[in-house]
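Here are a few short exercises on how two chains come together. Have the viewer open and try each task before you read its solution.

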Protein chains: 2
Amino acid sequence: MSKISPLQQARAAYAPKLPAALQKGAAVCVQEGEATTAVADVEKVQALFKSTFGSPVLTFAPGCGEKKAAINVGVILSGGQAPGGHNVIAGLFDGLKSLNADSRLFGFLKGPDGLVKGEFMELTADIIDAYRNTGGFDMIGSGRTKLETEEQFEAAKANCEKAGISALVIIGGDDSNTNACVLAEYFKSNNVGIQVIGCPKTIDGDLKNEWIEASFGFDTACRVYSELIGNIGRDANSAKKYWHFIKLMGRSASHIALECALQTQPNAAIISEEVAAKKMTIGQIVDDLAAIVAGRAAAGMNFGVALIPEGLVEFIPEIKVLIAELNDLLAANAEAVEAMDKNEKVAFAAGKLSAESAKVFASLPAGIQMQLCNDRDPHGNVQVSLIETEKMLAEMVGTKLKAMKAEGTFKGKFATQTHFFGYEGRCAAPSNYDADYCYSLGYNAAALIGAGRTGYMSSVRNTIKPAAEWIAGGIPITMMLNMERRHGADKPVIRKALVELDGAPFKEFAAKRDQWAKETSFVYPGPIQYFGPSCVCDLVTKTLTLEKGGSI
Amino acid sequence: MSKISPLQQARAAYAPKLPAALQKGAAVCVQEGEATTAVADVEKVQALFKSTFGSPVLTFAPGCGEKKAAINVGVILSGGQAPGGHNVIAGLFDGLKSLNADSRLFGFLKGPDGLVKGEFMELTADIIDAYRNTGGFDMIGSGRTKLETEEQFEAAKANCEKAGISALVIIGGDDSNTNACVLAEYFKSNNVGIQVIGCPKTIDGDLKNEWIEASFGFDTACRVYSELIGNIGRDANSAKKYWHFIKLMGRSASHIALECALQTQPNAAIISEEVAAKKMTIGQIVDDLAAIVAGRAAAGMNFGVALIPEGLVEFIPEIKVLIAELNDLLAANAEAVEAMDKNEKVAFAAGKLSAESAKVFASLPAGIQMQLCNDRDPHGNVQVSLIETEKMLAEMVGTKLKAMKAEGTFKGKFATQTHFFGYEGRCAAPSNYDADYCYSLGYNAAALIGAGRTGYMSSVRNTIKPAAEWIAGGIPITMMLNMERRHGADKPVIRKALVELDGAPFKEFAAKRDQWAKETSFVYPGPIQYFGPSCVCDLVTKTLTLEKGGSI
């Protein structure tokens, strides 16, 4: 056994809390609701999911410990790491054993690939115990292969049958759960006796809706980032000489930036969804930030903290257009461009863009122009994820402030430090919230398997209350689907949850941000605690608290 | 009162532990040791410190609660932030009150500047209470002004006398404590009745010696960095697709990188002192890293973690020469260079360097060449602190691996993520170790004041044992001095503690690193805990444990 840290040793003994419905085992009493439909495009969704469409919402109540037949179950971790994945597996393991001590759990290795290639290992009690309450996905690994083709489904079927596996649990984000739903439909409509259950995972927080109130890992990741933002804020407020521009992981939605802003009260935080809704230009964003810097400088405060969501540039309409033009331009002239040096490519692009895009392009720092024209992915496209947005904004705000200084509208100093937090939080040991929530999701998945269901997502709700009051059950995944255009074709997908500008979390932020900009209202959350008083250890995100009508 | 986090609220109640000698108040029994000397250059040091040289080492034993006359004391935070500074002040406050409830404490604002300018505030119980066990230096701010000139000393004297202050406590690193010593000598030799006491602070860990076993903040900062390194290691080991190159704060010594390596067991960690001792070239460092990457790739592991100390480039002899040449070259041709564009400057430098430096320069990535020639400080010198060493090494290792792939000696993939951790840890809330140690240092400073001493550093030793067994006392700062060349003149300074290659911490690392490189032995320390079992909360750094003969 490899060396483990004192905290990991002590934390291994933590017994995650369970909803009352699951405390007597996974053989629950199942209460069926009304038949369901889909969030939109009902007819199209129904046509695609003939066998699984319309299943009822399920709510569980404590059972009487009825014993079920022993079965073999497979579990898959899909996509990016999120704190708590091991606890989903531990909960699933314990739940299955509560149904029948002879049931066995198998982990497919390196994500969906393991299912397709038939690579798996049995997860015995010893293995499970070594990973309880730990971060990471290293128990069985994860992967980004998408389960989409009939060929993959047939391989999955064959591999499950070989191992006697009659139920699969897929732990993943919106795409992975959509694919779980497609696989469930495929198996059911082809009379393959393999159940498929999904579990909602993503640190980005964008897999949530009326029935799934949180995706696991969001709480822990935001707490790690907020710990660091708080430490940096305290440094800024001590040294009083730097503006810290901090980029936070999360490309498709700004939930992380919003939650961290609510936890730490920075001087500025950009929310991509607002930028898109207001059709803001990069110039406006820079001007807004410069105005905050100048306002604080006028009050003698040449320091601050600004949060920037990773996906920002893709939400700025004019930059989206610019990137699309660049992609077309460089593809159409691939051969000529190939022969140019780095500077020539920039000059070439600048000369060929539309007038509007050329203006936007010219407003960007030289390093970003260089990167946009030179770093291409294998399809020849701009690599948006490589854009160092935090540095770009720091530089552009600096340029703007120089102009303001010349005009006499800025009289301070502006020195910056930039940071990007992402990998620091994805594999952190889960907070109590995530440890409990994940364990419950896994245990609950066992209950769904025991109840003979397929095409369901494991659902645990009412999590702003103590765990005993959490509501366990299952939601038909078809219910969350709508049709969206993907790669030129209509596909059934779970609608991504973006930050809602009329939602309580954003409204709270919008109501406070001017004060946070002017004053120094930093809050210092500190590191996640596992052993202290409940008011310190059993926290719920500000986002969820506000969404559920609470105050923070 | 501004909003404070739940953890900060709960942590405010923590009562830091004290050495037995201080548990009955700061009116201790003083045991004097032999007269002391200096670590080197004894005659020169003695000549400069006629009044304070040779004072005995002091050891404290519990006193009988004797009451002292009420006095006013001033406190200064000097230099970069370090976790626990507020607790030094809280301990000092409580210690002074134990001597006489009418004693008062004043905080000079924004560091030594506040002393020179006479800017200060009284630190009352309400203020102190709001900052107990918190990170940051925001209670009174800090600054980097050096107290060196007679003019400053006279201003300090006048400002102290105006406020009736008869003792100063200067909390700072090696330079600040040297200056505290010079100020103590100035006051004593001029019959100014103001005592001066120093407290050893720096996250870098380079202010330590036979008598000062740790500088405060090092423990907490290393734990925050190790939390993050552990999380990243777990991510690397889960995703199995990235090499993470992590730069850690600490320019003049690699204690942080070494401690974090001992805590997290990364695949590689560079120790600057070893690079200097072995006169390694940048090419050798790159080759060594590439060999580790290739070795792991051959075993199927295309991922890893490498730690890089911030000050590395200044320890590589050939880069030191290159930078010196560049500084001279660009200064000697300032006017011509001024007129060049960025690329021209690089070409100019490349053409004028000595043959050896030109070769080193040519081996560096284009971005680094550009930065070396274009980013100059106000004195026209290369800004070493702006060099993104972590990116430079990632790029150079990548280039080396491409060559190895062509030769057939590398058959894996190499994708990197880079990180820099510094500001994330300097203002973290102090660990129990730092909370206790800092509070004890401050309380102990009050005892030194009560004992009528000046020119002493507050010393608390034996900290690998429970706090009650810690040894409190005072060390004459003159004892730690030697003469060093600074800006063309011999100056008395406290010798900086570098990583000793024959010391136990480095030897432990050197004995294990090959195994850590080949295997995946990551340890995941997790976040600092304040409320759990003592084996989780009351930790001592691996460095100190090993230095004191313990095992880890």
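**Exercise 1.** What rotation, and what shift along its axis, superposes chain B on chain A?

*Solution.* Keep in mind that this is a predicted model. Start with the superposition: chain B falls on chain A after a rotation of 180 degrees with 0.0 Å of shift along the axis, at an RMSD of 0.0 Å. The two copies are therefore related as by a two-fold rotation axis. Next, look at the surfaces: 100% of the interface residues of chain B are also interface residues in chain A, so the copies meet through the same surface.

**Exercise 2.** Work out how much area is buried between chain B and chain A, and which three residues of chain B supply the most.

*Solution.* First, count the residues: chain B brings 59 to the contact, and chain A brings 59. Then take the buried area, about 4600 Å², with 52% of it from carbon and sulfur atoms. Finally, pick out Lys3(B), Arg234(B) and Tyr423(B), which supply 16% of the area that chain B buries against chain A, more than any other three residues.

**Exercise 3.** Describe the polar links between the chains, then find which element of chain B gives the most to the side touching chain A.

*Solution.* Begin with the salt bridges, of which there are 6 between chain B and chain A. In a salt bridge between Lys391(B) and Glu388(A), the side chains meet at 2.7 Å, N to O. Residue pairs in polar contact number 28. Now turn to the elements: α8(B) gives the most, with 10 residues. By class, this side of chain B has 28 nonpolar, 20 polar and 11 charged residues.

Conventions. Residues are numbered from 1 along each chain as its sequence is written. Chains are lettered from A and ligands numbered from 1 in the order in which they are written. This is a predicted model: local features need pLDDT of at least 70, side-chain atom pairs count only at pLDDT 80 or more; totals for chains, interfaces and linings use all residues. Side-chain values use heavy atoms; hydrogens and water are left out. Copies are superposed by least squares on the C-alpha atoms of residues with pLDDT of at least 70 in both. Contact means heavy atoms within 4.5 Å. Buried area is the accessible area (1.4 Å probe) that two parts lose on being put together, summed over both. A salt bridge is a side-chain nitrogen of Lys or Arg within 4 Å of a carboxyl oxygen of Asp or Glu. A polar contact is a pair of N or O atoms within 3.5 Å; within protein, one must be able to donate a hydrogen and the other to accept it, and residues adjacent in sequence count only if both atoms are side-chain atoms. Helices (H or I, at least four residues) and strands (E, at least two) are DSSP runs, numbered from the N terminus. Ala, Val, Leu, Ile, Met, Phe, Trp, Tyr, Cys and Pro count as nonpolar, Asp, Glu, Lys and Arg as charged, and the others, Gly among them, as polar.
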